[in-house]
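Me: I've never looked at this one before. Could you walk me through how to read its features?

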Amino acid sequence: MIQKSDRFRDFLLKQNNTWQLSADNYHGLDLVEEKTLLIDNFKIKVQFNPQRMRSSAAKVDASSIAARKCFLCAENRPPEQISLDLGQNFILLVNPFPIFHTHFTIPSNDHIPQRLAPNLKAMLEISRIMQGYLLFYNGPECGASAPDHLHFQAGETGFLPVESEFTTLKMREGNLMKDSDSLKIWAFDHYIRKMISIETDNSQQGIGTIEKILSRFQEIQSEKIEPMLNMLCSYGHGKWIIHLFPRKQHRPSQFYAQGDDQLLISPASVDFGGVFITPRREDFDKITAGEIADIFEQVTLDDIAFKKLKETIKRL
Ligand SMILES: [Zn+2]
């Protein structure tokens, strides 16, 4: 795979020159198997990636989190791991268990809980700095394996099917909820999963819009510390493209099933972006388009709650 060269890619190469585990895992990524399934003409790539077991099977309940040392805090990070200051009180680390060919973890300097609303400004600013990369956020109850330490991740653009599918999706009628010179919002009911997409050249307006959506969503999921959401964000040609994936559940029933019925899949931003990660070979071999559609149905927001969000968006 041809990689563009930039200071972030250079940082990854520098890291892999001095950290064997990371270098081996990036090398191993070249051998990772992938297959593509089509659901309603949308593409889902399935990636067999055994290194992701620790993330997919991570115990993220409060007592398990409290019992382990935080791997994003400076004092607990491996001595080989180097960092790059990104400003906004965030740093760049190479993710040593990659899905993308250039895969970063972007933790806060402080050990503070994973929350989206207060950190939208930082997320948009970092994605502006990191053009050519897609930033993603996994909520504390839907995919973050360190829900106690605020962080984003980033990978090279062009890898997740949602990026190219969005350009055709947004041409379809009936999904455009808001249309002004500086901000557009679409809501998609039938993209296998529910998705809200925002395009804006004004970060203030973008942040304000997401805050309002989050605030309404928090009312719908009032029992949650934060409404369940995954977010993708990239910047290019002077504007941000943001995809929000509202959810009702973290893991599907297949995750907890026994024997042949089990599929060790724990959907987060990357899966919602169209790349399903299977850490076990048997799951990679047997998973079908029907099962992926079923998993999305279980974890994506239901129709009634999504309708409420759309009503809020229409009034913005
Ligand atoms: Zn920490």
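Reply: Sure, let's go through the sheets, a hairpin and the core. One thing up front: this is a predicted model.

Me: Okay, sheets. In what order do the ten strands of the open sheet stand?

Reply: To read a sheet, follow the pairing from one strand to the next. Here the order is S3-S4-S5-S7-S6-S11-S12-S10-S9-S8, and the pairing is antiparallel. S3 (84–87) and S8 (176–179) sit at the edges with a single partner strand each, so one side of each has no neighbour in the sheet. On average, neighbouring strands in this sheet are turned by 20 degrees against each other, direction ignored.

Me: Which helix lies across S3, S4 and S6?

Reply: That's H1 (residues 7–18), which runs at about 55 degrees to S4 (90–94).

Me: Let's zoom in on S11. How many of its eight residues are buried?

Reply: Burial is about how many other residues crowd around a given one. In S11 (residues 229–236), seven of the eight are buried, leaving the strand mostly covered. S6 (residues 133–138) runs antiparallel to S11 and is joined to it by four bridges; Leu135, for instance, has Cys233 in S11 as its bridge partner. S11 also pairs with S12 (residues 239–246), again antiparallel, over eight bridges. There, Met231 is partnered with Leu244 in S12.

Me: What do S11 and S12 form, and how many residues are between them?

Reply: They make a hairpin, with two residues between the strands. Look at His237 in the turn: its phi is positive, about 50 degrees.

Me: And the core? Which residues touch the most other members of the largest one?

Reply: The general idea first: in soluble globular proteins, nonpolar side chains tend to be buried together. In this model, the largest nonpolar core has 72 residues, and Leu135 and Met231 touch the most other members. Leaving aside residues up to four places away in sequence, Met231 touches Leu116, Phe136, Tyr137, Ile242, His243 and Leu244.

Me: What is the order of the open sheet of three strands?

Reply: Trace the pairing again: S1-S2-S13, and this time it is mixed. S1 (33–39) and S13 (275–278) are the edge strands, each pairing on one side only. Neighbouring strands here are turned by 25 degrees against each other on average, direction ignored. S1 and S2 (residues 42–48) run antiparallel, joined by seven bridges, and Thr36 stands opposite Lys45 in S2.

Me: Which helix lies across that sheet's strands, S1, S2 and S13?

Reply: H11 (residues 289–299), running at about 75 degrees to S1.

Note on methods:
Residues are numbered from 1 along each chain as its sequence is written. This is a predicted model: local features need pLDDT of at least 70, side-chain atom pairs count only at pLDDT 80 or more; totals for chains, interfaces and linings use all residues. A residue is buried if 20 or more other C-beta atoms lie within 10 Å of its own, exposed if 12 or fewer, and partly exposed in between; C-beta atoms are placed from the backbone. Two strands pair if DSSP finds at least two bridges between them. Axes are lines fitted to C-alpha atoms, for helices over the stretch in contact, and angles run from 0 to 180 degrees between N-to-C directions. Two residues are in contact if their C-beta atoms, placed from the backbone, lie within 7 Å. A nonpolar core is a set of buried Ala, Val, Leu, Ile, Met, Phe, Trp, Tyr and Cys residues joined through C-beta atoms within 7 Å.
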